[in-house]
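Open the model in your viewer and keep the selection panel at hand. The stops below say what to pick and what is there.

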Amino acid sequence: MALELKVPSVGESITEVEIGQWLKAEGDSVNKDENVVALESEKATVELPSPASGTLSRIVKRKGDKAQVGEVIAYLEPAQKSKDDTRVTRKSEKAQPASGPAPAQAAAPAPATAAPPPAPAPKAAPPAPAAPALVSAPAPKTQAAAPPSAPEGFMTEIISKQPGSRTPLAPGREEEVVRMTPLRRTVARRLVEAQHSMAVLTTFNEIDLSAVMALRHQHQESFTAKHGVKLGFMSFFVKAAIEALKAIPQLNASVSGEDVVYHNYFDIGVAIGSGKGLAVPVLRNAEQLSFAEVEKAVADFSARAKENKLKPDELQGGTFTITNGGVYGSLLSTPIVNPPQSGILGMHAIQQRPVALDGQVVIRPMMYVALSYDHRLVDGREAVVFLVRVKDMIENPARILLEI
């Protein structure tokens, strides 16, 4: 009997997915637990494994189609079947409503002893309508949708620009239309919502990384040998941000209607570039994690994000976010708050710059940092105090360990 491949639950509150790339074609053999198709939701991309070894006999939903959780998107013919299984499969196939002409057995059979009446001469079928030209054919002037001043071919040009189409403009010039992924559409929608529903402001400061860099250089070898991961900058900023959030709890809170929800835990989202765009997996209870645990988690998130293997529940929630545009060379930016959070800390590139220190000009590794915050909940004073506290802890890392 053919096995049904159904859309699994891919996360809380997600009821619909978009079919992504099929990793197997109809007729291909599939091993058990081998991924056959990518399913794209508004929060993540997941791959559907095969429940058994066999042959992908029929694909019901194609790339770009929508499918509900629990809906059948393909059928798998198991590798080994008994005769009884074969009979059951054939019976189930007959019971399924056919998309084409009705089956022959639906018509009443003619008596065996009577000669069949002569079949009437078939009427000539009307000619099939020609497929509408997408670009070259001019649109009829009687089309109501076309504006009176539009040139001929205007409407066909618009029709041609649909996902998957290519429009030749001139030799060497071509436009391609690609549908946005559900994740990209969700990111776009949420960022626009943040601009319209929040009063977002950004404040800046700069941090001297000399002490952290010296500490990393001194202990990098032993840290890597013991924990199997390098000591990076992110763990320092996560720990510094947590201590600053303890001092300014408004930045670890969110607005819910006319109420303010203060979180007594610290779920820190870490923005990471992925194959499908920016992803923000969450470090749950980050205040309980060690430096090594933070670095391991971030490295794991980064590796799986590149392969689009982050789990939907890892991308949900979060009370505060940290993003590091410096890995791409960004010197300064204004990050956008991720609703319903009330703040986001932006890290940037480290530059050797001249600074005044004890009356002398010295060269130091400096980083600009930015804090974007929801002004409905956080005042400018609190935002400045938060950044100054982060700055003090990064420039004096011992304060992080002593929590002072």
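## Stop 1: α5 against α6

Select α5 and α6: the two helices pack at an angle of about 120 degrees, and their axes are 9 Å apart. Their crossing is right-handed. Keep in mind that this is a predicted model.

Now show side chains at the contact. From α5, pick Met 234, Ser 235, Phe 236, Val 238 and Lys 239. From α6, pick Phe 291, Val 294, Glu 295 and Val 298. Color them by character: six are nonpolar, one is polar and two are charged.

## Stop 2: Glu 295

Stay on α6 and center on Glu 295, which lies in this helix. Is Glu 295 buried or exposed? Its relative accessibility is 8%, so Glu 295 counts as buried, the cut-off being under 20%.

What does Glu 295 touch beyond its sequence neighbors, those up to four places away? The list is Val 229, Lys 230, Leu 231, Gly 232, Phe 233, Met 234 and Ser 235. Draw a distance from Glu 295 to Lys 230. The C-alpha atoms are 7.3 Å apart, while the two residues are 65 apart in sequence.

## Stop 3: α5 against α7

Keep α5 and swap α6 for α7. α5 and α7 pack at an angle of about 135 degrees, with 9 Å between their axes. That angle makes α5 oblique to α7, because it falls neither over 145 degrees, which would be roughly antiparallel, nor in the 65 to 115 range, which would be roughly perpendicular. α5 passes α7 in a right-handed crossing.

Select the contact residues in two groups:

- On α5: Phe 236, Phe 237, Ala 240, Ala 241, Glu 243, Ala 244, Leu 245 and Ala 247.
- On α7: Phe 386, Arg 389, Val 390, Met 393 and Ile 394.

By character, this contact has eleven nonpolar residues, no polar ones and two charged ones.

## Stop 4: Ile 394 and the largest core

Center on Ile 394. Leaving out residues up to four places away in sequence, Ile 394 touches Ile 207, Leu 209, Ala 211, Val 212, Phe 236, Phe 237 and Ala 240.

Ile 394 also belongs to the largest nonpolar core, which has 53 residues. Select the core members with the most contacts inside it: Phe 237, Leu 283, Phe 320, Ile 322, Phe 386 and Ile 394.

Which elements supply at least two residues each? Select these:

- Helices α4 (210–227), α5 (234–247), α6 (291–306) and α7 (380–395).
- Strands β14 (268–270), β18 (320–324), β19 (343–347) and β21 (360–374).

Of these, α5 gives the most to the core, with nine residues.

Next, look for a second, separate core. This one has 20 residues, among them Leu 5, Val 30, Val 36 and Ile 73.

## Stop 5: four loop residues

Go to Gln 80, in the loop between β8 (72–78) and α1 (83–95). Gln 80 has 76% relative accessibility and so counts as exposed. Draw a line to Ser 53: the C-alpha atoms are 8.8 Å apart, and the residues are 27 apart in sequence.

Select Asp 33, in the loop between β3 (29–30) and β4 (35–40). Asp 33 is not a glycine, yet its phi is positive, about 70 degrees. Asp 33 is exposed, with a relative accessible area of 55%.

Select Asn 285, in the loop between β17 (282–283) and α6. Asn 285 also has a positive phi, near 45 degrees, and is a residue other than glycine. At 29% relative accessibility, Asn 285 counts as partly exposed.

Finish this stop at Pro 340, in the loop between β18 and β19. Which residue does a cis peptide bond join to Pro 340? The partner is Pro 339, and omega is about 0 degrees.

## Stop 6: the whole chain

Zoom out and show the cartoon. How many helices and strands does the protein chain have? There are eight helices and 21 strands. The chain has 404 residues, and 38% of them count as buried. Now consider contacts in the chain with a separation of 6 or more. Residues 24 or more positions apart account for 61% of these.

Key:
Residues are numbered from 1 along each chain as its sequence is written. This is a predicted model: local features need pLDDT of at least 70, side-chain atom pairs count only at pLDDT 80 or more; totals for chains, interfaces and linings use all residues. Side-chain values use heavy atoms; hydrogens and water are left out. A nonpolar core is a set of buried Ala, Val, Leu, Ile, Met, Phe, Trp, Tyr and Cys residues joined through side-chain atoms within 4.5 Å. Buried means under 20% relative accessible area, exposed over 50%, partly exposed in between (1.4 Å probe, protein chains only). Contact means heavy atoms within 4.5 Å. Axes are lines fitted to C-alpha atoms, for helices over the stretch in contact, and angles run from 0 to 180 degrees between N-to-C directions. Angles under 35 degrees count as roughly parallel, over 145 as roughly antiparallel, 65 to 115 as roughly perpendicular and the rest as oblique. A crossing is left-handed if the near helix is turned anticlockwise from the far one by less than a right angle, and right-handed if clockwise. Ala, Val, Leu, Ile, Met, Phe, Trp, Tyr, Cys and Pro count as nonpolar, Asp, Glu, Lys and Arg as charged, and the others, Gly among them, as polar.
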